[in-house]
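Here are some short exercises to help you find your way around a new structure. Try each task with the model open, then read the solution.

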Amino acid sequence: MVPDHHYDQDQITRAVVERTDAREELVRRFHAATRVTGRNLALPIDDYVKLGGFTGANDVYIETAVDLATRAVRDALDRAGCAPHDVDHLIFCSSTGLATPSLDARVAQRAGLREDITRVPMFGLGCAAGAAGLSRLYDHLRAWPDRVAVLVCVELCSLTVQRADTSVANLVASGLFGDGSAAVVAVGDRRDTGAHAGPRVVATRSRLYPGTERLMGWDVGDHGFRVVLAADLVDHVEATLAGDVAAFLGDHGLTVDEVGSWVCHPGGPKVIDIIQRELGLAPDALDVTWDSLRTMGNLSSVSVLNVLEETIARRRPADGEPGLLMALGPGFSAELVLLRW
């Protein structure tokens, strides 16, 4: 689920050049390097200069995020053949705005969920939150196998871009991140009729890397959310991810070569290239991830769910085949989810 305002990458690049003090050649080089061809934005592109700082941006975040997340939940329930009153548990993930009550309270009421719904809002996991949210759905449904649970992620990354910040991190972010929402309906084993198109979650693993807090995240202040993207982030991914993936799979009697589908968060071209190279994946193994990046940009927590949706629709593996869903995020952290189709 994406906002209605779609722009080609060149249109966004021109807007950034015109409305910041950044050098044009730098903006164009960084934007081209993302390989993104277009993105959907929360607002018409000319309205961003009217936001008036963090307060204005956050007000837009609340209104737009509730609308998109509600639409995503309703759509997911319709596809799953579930009614709003069937839902027992709601997990809400977002890292691009702030609200108390958390937005899941508003989404639950607008989507018509029950008054006794249990809610878990998750903030600060960034790009890893889609995978982490699936893991927490799995945890809940293992404990409550008769229940129906919903995960909804919504990110409005465009509202966080700092017009006065000409750092490399901010210029890269202005060319990479997009806006959107996605939802997943999951059922416990006792509710599973086998009619679903999606995979089963078999196991999950979280990996937190000590001393890496400044690789990715936000600096939060009067200006709002200022992006942190360290240049050596890709070096850390290169040094750790393959070993962590192999260890996780090995604990479940699998090797990388036995995994037939890879649902990977499209963090950016360098990260995708490293995943493909370090894991020794086939040339087309991450095609859906690449397509998501090109056509939508990096949607933070939403992206891995978009890749999962497109995998189900376009490249669904054979029944019984193992798959791995993964995402990286602030912490620095990795979230791994073992699937069985």
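A residue counts as buried when its relative accessible area is under 20%, as exposed when that area is over 50%, and as partly exposed in between. Keep in mind that this is a predicted model.

**Exercise 1. Two positive phi angles**

Task: find out whether S300 is buried or exposed, and look up the loop in which S300 is found.

Solution:
- Begin with the backbone: S300 has a positive phi of about 55°, although it is not a glycine.
- Next, place S300 in the chain: it is found in the loop between α9 (287-296) and α10 (303-314).
- The relative accessible area of S300 is 6%. The cut-off for buried is under 20%, so S300 is buried.
- Now turn to R35, a residue other than glycine whose phi is near 65°. R35 sits in the loop between α2 (24-33) and β2 (38-41).
- R35 has 42% relative accessibility, so it counts as partly exposed.

**Exercise 2. Cis peptide bonds**

Task: locate the loop that holds P101, and then the loop that holds F332.

Solution:
- The bond from T100 to P101 is cis, and its omega is near 5°. P101 lies in the loop between β3 (89-93) and α4 (103-110).
- The bond from G331 to F332 is cis too, with omega near -20°. The loop between β11 and β12 holds F332.

**Exercise 3. The sheet with β3**

Task: work out which strands stand at the edges of the open sheet that contains β3.

Solution:
- Write down the strand order of this open sheet: β4-β3-β5-β6, with mixed pairing.
- β4 (118-122) and β6 (179-187) each have a single partner strand, so these two stand at the edges and one side of each has no neighbour in the sheet.
- From one strand to the next, the twist averages 15°.
- Look inside the sheet: β3 and β5 run parallel and are joined by 5 bridges. I91 has L151 in β5 as its bridge partner.
- Finally, add the helix. α3 packs on the sheet and touches β3, β5 and β6, with its direction at about 145° to that of β5.

**Exercise 4. The sheet with β10**

Task: trace the open sheet that contains β10 and say which helix lies across β7.

Solution:
- This open sheet has 4 strands in the order β7-β12-β11-β10, and the pairing is mixed.
- Its edge strands are β7 (200-208) and β10 (261-264), each of which pairs on one side only.
- β10 pairs with β11 (residues 322-329) in the parallel sense over 4 bridges. Here S261 stands opposite G323 in β11.
- Helix α5 (residues 129-143) lies across β7, β11 and β12 (333-340), and runs at about 125° to β7.

**Exercise 5. The nonpolar cores**

Task: name the residues that touch the most other members of the largest nonpolar core.

Solution:
- Nonpolar side chains in soluble globular proteins tend to be buried together.
- The largest nonpolar core has 42 residues, and L113 and L159 touch the most other members.
- Several elements give two or more residues to this core, among them α1 (9-19), α2 and α4. α3 gives the most, with 10 residues.
- Leaving out residues up to four places away in sequence, L159 touches A42, L43, Y48, L51, A57, V60 and Y61.
- Another core lies apart from this one; it has 41 residues, including A169 and V234.

Technical notes. Residues are numbered from 1 along each chain as its sequence is written. This is a predicted model: local features need pLDDT of at least 70, side-chain atom pairs count only at pLDDT 80 or more; totals for chains, interfaces and linings use all residues. Side-chain values use heavy atoms; hydrogens and water are left out. Two strands pair if DSSP finds at least two bridges between them. Contact means heavy atoms within 4.5 Å. Axes are lines fitted to C-alpha atoms, for helices over the stretch in contact, and angles run from 0 to 180 degrees between N-to-C directions. Buried means under 20% relative accessible area, exposed over 50%, partly exposed in between (1.4 Å probe, protein chains only). A nonpolar core is a set of buried Ala, Val, Leu, Ile, Met, Phe, Trp, Tyr and Cys residues joined through side-chain atoms within 4.5 Å.
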